[in-house]
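Visitor: I would like to learn how to read a few side-chain features. Please take them one at a time.

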Protein chains: 2
Amino acid sequence: MTFEITDEFLENLSELIISNNDKEITSLFSEVHFADIAEVLDEVNFDEAIYIIKLLDSEKTSEILTELDEDIREKILENLSAKEIADEVREMDTDDAADIIGELSEERQHRVISALEDDEHAADIKELLSYNDNSAGALMAKELVKVYETWTVAGCMRRIRGQAKDVTRVHSIYVVDKEDKLVGRMSLKDLIIAKSDHKIADICKAKVDAVNVHEEEEAVAKIMAKYDLEAIPVVDDNNVLVGRITIDDILDVIREEADKDYQMAAGFSKDVEADDTIWELTKARLPWLILALFGGFISVSVLGSFDGAMKNFPELFFFTPLIAAMAGNVGVQSSAIIVQGLANDSLKGSLFKRLLKEILQGFLNGFVLATLLMSAGMLFLGFNINLGITVAASLISVIIIASIIGTFIPIILAKKGVDPALATGPFITTSNDILGILIYFSIAKLVLGF
Amino acid sequence: MTFEITDEFLENLSELIISNNDKEITSLFSEVHFADIAEVLDEVNFDEAIYIIKLLDSEKTSEILTELDEDIREKILENLSAKEIADEVREMDTDDAADIIGELSEERQHRVISALEDDEHAADIKELLSYNDNSAGALMAKELVKVYETWTVAGCMRRIRGQAKDVTRVHSIYVVDKEDKLVGRMSLKDLIIAKSDHKIADICKAKVDAVNVHEEEEAVAKIMAKYDLEAIPVVDDNNVLVGRITIDDILDVIREEADKDYQMAAGFSKDVEADDTIWELTKARLPWLILALFGGFISVSVLGSFDGAMKNFPELFFFTPLIAAMAGNVGVQSSAIIVQGLANDSLKGSLFKRLLKEILQGFLNGFVLATLLMSAGMLFLGFNINLGITVAASLISVIIIASIIGTFIPIILAKKGVDPALATGPFITTSNDILGILIYFSIAKLVLGF
């Protein structure tokens with residue numbers, strides 16, 4: 001656990017690879033956890049990574065492959081033959097195997113699966129590949145411990161010894177009837193504590209949470225988090241047990257979901273990382289920036305349409321960035337809190353109450369900020385009273401309206417089946433910018449009359 | 001699992017409470033999962049919640065209490081006597097018990113702990129309360145299955161039957177030496193598969209990941225996620241086994257962390273939810289808004305200092321919101337990607353390389369956007385060529401500089417030990433607004449000469 005990748009380590013490794021000192025390299029990695037080796041492979045150059053992967057034994061490399069950064073794994077898999085990939089996959093649990101094979105081209109998928117010697121493993125992987133992305137079926141593994149309700153505890157123990165070898169972690173033992181339909185669940189602990197001549201049907205818990213194989217992975221994550229489950233059985237439409245999902249897979253779903261929301265809010269159109277290529281990053285950034293530019297262009301036109309004010313009230317134009325920025329900030333706050341509420345299912349009460357609440361909050365925030373702005377403006381910038389009133393009234397109106405828009409856009413998006421996190425991105429900022437400027441100058445026209 | 005809180009359910013419940021129909025209420029909840037009951041209590045009014053809590057048996061209510069929204073739990077605990085709280089706590093695992101007692105005033109903490117009959121349970125809770133918030137010690141539970149290395153498999157099975165009753169989920173069996181120092185680990189599965197006369201020392205895995213009791217919870221979360229651990233033992237400075245942390249606690253840590261980052265990015269100064277009071281929400285929103293207002297005020301002054309341009313180049317002022325918005329958007333993108341890279345430990349390479357990468361990306365984005373802007377401006381707004389050049393050159397410069405600032409502020413914050421997520425909030429938008437406007441008008445002055 002205290003393994004640290006140092007520059008010396010990497011230099012040493014490079015030298016060992018150049019001198020083909022395979023024995024030394026193998027021993028260097030012998031005590032290192034596969035997750036750490038994966039990090040080493042992320043750091044070294046590509047030829048070195050291939051060299052190491054081909055050198056280490058497949059039990060270790062198959063684990064390493066599942067941990068690798070997707071970009072690097074893709075490149076490594078390109079350099080392995082279908083046979084070599086099949087050797088790696090053989091050691092993997094079905095869910096990891098399906099994930100990795102799923103990244104290959106369809107033609108290579110077939111070749112890898114055909115190269116698998118274990119027909120059952122191959123069939124399981126094929127089944128997993130057949131489910132929709134983001135469904136429980138795509139997330140689950142076929143490895144599980146299954147017993148029939150008619151068995152006795154003693155018989156069960158005997159047979160479990162066989163099944164459990166294939167299952168990394170036995171969370172629950174699933175109990176099925178003779179048609180393989182899920183009827184109950186028990187823990188290894190229950191089995192150990194029970195008397196050996198008891199029937200499974202008598203000691204298992206009949207109430208068992210399960211998810212349908214077509215359920216969305218996010219819904220599965222919510223259920224598992226809510227009910228504190230560490231594994232959940234997956235059944236088909238006939239309630240036949242087909243797999244199980246464990247909490248570590250859900251951990252990834254939750255993290256990906258959080259990352260996605262965060263990136264959307266920050267204005268990325270797709271999932272990127274700091275170490276992606278400049279080209280990848282630019283492609284992810286440009287769409288929202290172009291939208292924002294387009295919005296900015298509208299704000300230019302709006303401002304242009306008020307150019308009559310320029311002669312008598314030039315100061316008005318100094319305040320546009322301030323008004324626009326406040327509208328954007330308030331809108332992002334309002335939408336973020338709704339997006340989070342939607343994600344946690346914690347939004348309660350009627351839409352009308354929410355509207356009222358936002359208006360009140362907007363007024364409260366707006367009032368404090370407008371007072372500050374007016375005092376500062378009159379003290380330091382020599383506002384006359386009319387300009388002060390205009391700016392203050394605009395600020396309050398803009399904040400209230402930005403709050404309302406920020407609140408309802410995500411709610412509407414969610415109702416339409418669109419990810420509401422979209423709303424916290426540049427979308428809200430841009431539309432609030434435009435609207436803010438429009439409101440500001442409309443109020444100014446009303447008060448100052450130009 | 002298909003329990004849904006409907007209006008009819010709530011109405012029916014209210015009526016049953018009014019008519020004191022305790023039997024019916026108990027049977028209504030008898031088949032409902034405690035996490036669902038907690039949601040019901042979040043929905044009903046406070047008196048009803050108290051009524052239900054006092055009615056249900058303590059095995060169920062203790063689970064419900066741990067699931068409740070913190071605000072509601074606080075109010076409920078205020079309405080229970082120390083003795084009643086002790087009755088609830090008695091049924092809880094030590095970590096949940098310590099979390100709940102930790103929410104009470106110090107004086108009530110003492111009274112509740114004194115009211116606990118089980119001295120060992122009380123001592124365990126006291127120990128957990130003594131650790132720093134956010135440390136492994138505060139997160140761990142005392143419940144675990146521990147065996148001595150000198151035992152045989154058969155003896156071990158016998159004694160585990162006793163210990164396991166107190167442990168909801170046996171993830172691992174921890175093996176200790178005679179001084180209670182952690183020396184190994186094995187799974188229930190290993191034990192079941194092993195021959196009964198084997199010694200534990202011979203079959204357990206000697207290599208066991210553990211964390212120190214003073215480790216930060218975020219570090220524990222990273223370790224568990226990286227190594228795919230479902231539980232990790234916690235040791236003190238002498239390697240004595242003192243507790244264990246399970247993955248469900250880590251799930252909460254990860255979610256809280258993600259929520260916190262998201263809220264920071266959205267400009268909240270503290271953790272709030274959509275259903276908090278208007279006053280709570282306003283308090284969380286105002287600090288960043290005031291900072292943004294202050295920044296806006298500076299942008300007003302900057303614009304004011306260029307008022308000489310107003311006579312000959314009024315169009316320049318129409319573009320300020322656009323330039324400011326682009327600077328803000330680009331800055332947020334750049335900082336978000338760094339914040340995420342820092343959170344995942346995935347930032348590699350030197351600062352100089354990163355700087356170069358940001359400049360190149362900024363240039364690429366800026367060039368595309370400036371070309372779009374210039375073409376649109378000349379086509380639709382009748383730009384003259386000098387104004388076009390000014391706006392385009394400014395846009396490119398502003399984007400490059402905003403990228404650099406967005407990249408380095410979070411890096412600098414992280415180096416100074418401040419949460420870098422702070423940088424993605426209104427802080428970056430505001431500073432980039434100001435800088436953007438300054439650069440824009442400086443370039444305009446240079447090109448147009450006013």
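Visitor: How many disulfides does the structure hold over all chains?

Guide: A disulfide is a pair of cysteine sulfur atoms within 2.5 Å. Over all chains the structure holds 0 disulfides. This is a predicted model, in which local features need pLDDT of at least 70, side-chain atom pairs count only at pLDDT 80 or more, and totals for chains, interfaces and linings use all residues. Residues are numbered from 1 along each chain as its sequence is written, chains are lettered from A and ligands numbered from 1 in the order in which they are written, and side-chain values use heavy atoms, leaving out hydrogens and water.

Visitor: Why is Cys204(A) not in a bond with Cys156(A)?

Guide: The two sulfurs are 9.9 Å apart, which is too far for a bond, and Cys156(A) has the closest cysteine sulfur to that of Cys204(A).

Visitor: How is a pair of aromatic rings described?

Guide: By the distance of the centres and the angle of the planes. Rings of Phe, Tyr and Trp (its six-membered ring) pair if their centres lie within 6.5 Å; planes under 30 degrees apart count as stacked, over 60 as edge-to-face and the rest as tilted. The whole structure has 14 aromatic pairs over all chains. One of them, Phe9(A) with Phe29(A), is edge-to-face, at 6.1 Å centre to centre and 70° between the planes.

Visitor: Is Phe29(A) buried or exposed?

Guide: Buried means under 20% relative accessible area, exposed over 50%, partly exposed in between (1.4 Å probe, protein chains only). Phe29(A) is buried at 0%, and Phe9(A) is buried at 13%.
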